[in-house]
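Here's a quick briefing to read with the model open next to you. Start with the chain as a whole, then zoom in.

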Amino acid sequence: MKAFLILEDGHVFTGTSIGAKKEVISEIVFNTSMTGYLEVLTDPSYAGQAVCMTYPLIGNYGICYEDTESLRPWPDGYIVRELSRTPSNFRCEDTIQNFLKRFDIPGIAGIDTRALTRILREKGTMNGMITTDENYDLDTIIPRLKAYTTGKVVEKVTCSEKKVLKGSGKKVALLDLGAKNNIAKSLNKRGCEVTIYPASTTAEEILASNPDGIMLSNGPGDPKECTEVIKEIRKLYESDTPIFAICLGHQLMALATGADTHKMKYGHRGGNHPVKDLETGRVYISSQNHGYVVDTDNLDPKVAVPAFINVNDGTNEGLKYTGKNIFTVQFHPEACPGPQDSGYLFDRFIKMMGGEE
Ligand SMILES: NC(=O)CC[C@H](N)C(=O)O
């Protein structure tokens, strides 16, 4: 069955329908990772977005549930050049087709994903529609696409109740804003006992459990939509508990302490983004998935100073909080997908909590 991807600027791509046969409007973004399509599909930070994979062949090793970053795929839509019809791997348990269908996610295959990516790079991220309706009418669809906003998405992806991963080491409270599994796993495999809290948890409840440290996770959407969470994070900041934050968590800590964030032209999503540690000058290759970034122009050095920058475009990739045991990064030290070069940051966090590195 035919499917169409209609962009807000009037471009239309014609391909084949994959996944659910339904219409969806979403923000269209692209990811350049050459491996790890399953980790991308199950990363809750993609909620509210349709993702185009720039790697031309997707799905060739199928779905291996052990590798998922959450219990389901989260994008609103999935866009690929070629979807493998014969996944082959000894760990393969399902196909992308079934996985998308089961969770009612529509997609489109067989389009020129390079052309789509060039449009998004030149004009910036925009909204689009995936539909199987051949009689689509651009005059009515384009205004709908222009008017569409993603809104609050963290509440859709956070866990519904507290969960504990047992460990004999430092006690970490992880605020789940849409956390990828490998954040808790990275701490747990270093011995930490990790308590995962829903995003609506108050700072008082977290602090009452006397954690050795607090971890703020990644998550979807515009950080400025998280007004309630930002207030709680402000209290966590004032508590003097060691804090490590990743991606959305990093943006929310910045907003909670007086800095600003803005939307980037087309964001960073892929497995090869170079980030420079400003203290050592060393560059790490990082896994990334973000559309917003912290502004550092008016950063108050009494509150925080830049700790990492992106080598490609100079944007901020991390902050170190002055006089506090707090550091936050825009990239993904938990990898999955992508390079594990910055996994040492979990060891740094454990040291900050008074543990052995
Ligand atoms: N991976 C994330 O945590 C993404 C953060 C935020 N939703 C952004 O797009 O910038």
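About 15,200 Å² of the chain is exposed, and carbon and sulfur atoms supply 47% of that area. Keep in mind that this is a predicted model. Of the 357 residues, 55% count as buried.

**Overall build**
- You'll find 10 helices and 19 strands in the chain.
- Measured out along the principal axes, so to speak, the C-alpha trace spans about 60 × 45 × 35 Å.
- The radius of gyration is 20 Å, which agrees with a compact globule, because a globule of 357 residues would come out near 21 Å.
- Take the contacts with a separation of 6 or more: 73% of them come from residues 24 or more positions apart.

**The ten-stranded sheet**
- An open sheet is built from 10 strands, and its pairing is mixed.
- Reading across, the order is β10-β12-β11-β13-β14-β19-β18-β17-β15-β16.
- Which strands sit at the edges? They are β10 (163-165) and β16 (283-294), each of which pairs on one side only.
- On average, neighbouring strands in this sheet are turned by 20° against each other, with direction ignored.

**Inside the sheet, and the helix on it**
- β11 (residues 171-176) and β13 (residues 213-216) run parallel as a pair, joined over 4 bridges.
- If you want one of the residue-level partnerships, V172 has G213 in β13 as its bridge partner.
- Helix α6 (residues 181-188) packs on the sheet, where it touches β10, β11, β12 (193-198), β13 and β14 (243-246).
- The direction of α6 makes about 155° with that of β12.

**A closer look at N127**
- N127 belongs to strand β9, which covers residues 126-131.
- Is N127 buried or exposed? It counts as buried, because its relative accessibility is 10% and the cut-off for buried is under 20%.
- What does the side chain of N127 reach? It gets to the backbone oxygen of L145, at 2.9 Å.
- L145 also turns up in the contact list of N127, which leaves aside neighbours within four places in sequence.
- The rest of that list for N127 reads I6, L7, E8, S26, E27, I28 and Y148.

Notes: Residues numbered from 1 in each chain as written. Predicted model: local features only at pLDDT ≥ 70, side-chain atom pairs only at ≥ 80, totals over all residues. Heavy atoms only, no water. Pairing = 2+ DSSP bridges. Helix = DSSP H or I, 4+ residues; strand = E, 2+ residues; numbered from the N terminus. Axes fitted to C-alpha atoms, helices over the stretch in contact; angles between N-to-C directions. Contact = heavy atoms within 4.5 Å. Rg over C-alpha atoms; globule rule 2.2 N^0.38 Å. Buried < 20%, exposed > 50% of the residue type's maximum accessible area, 1.4 Å probe, protein only. Areas by Shrake-Rupley, 256 points an atom, 1.4 Å probe, with all protein chains shown as cover. Polar contact = N/O pair within 3.5 Å; in protein donor to acceptor, adjacent residues only side chain to side chain.
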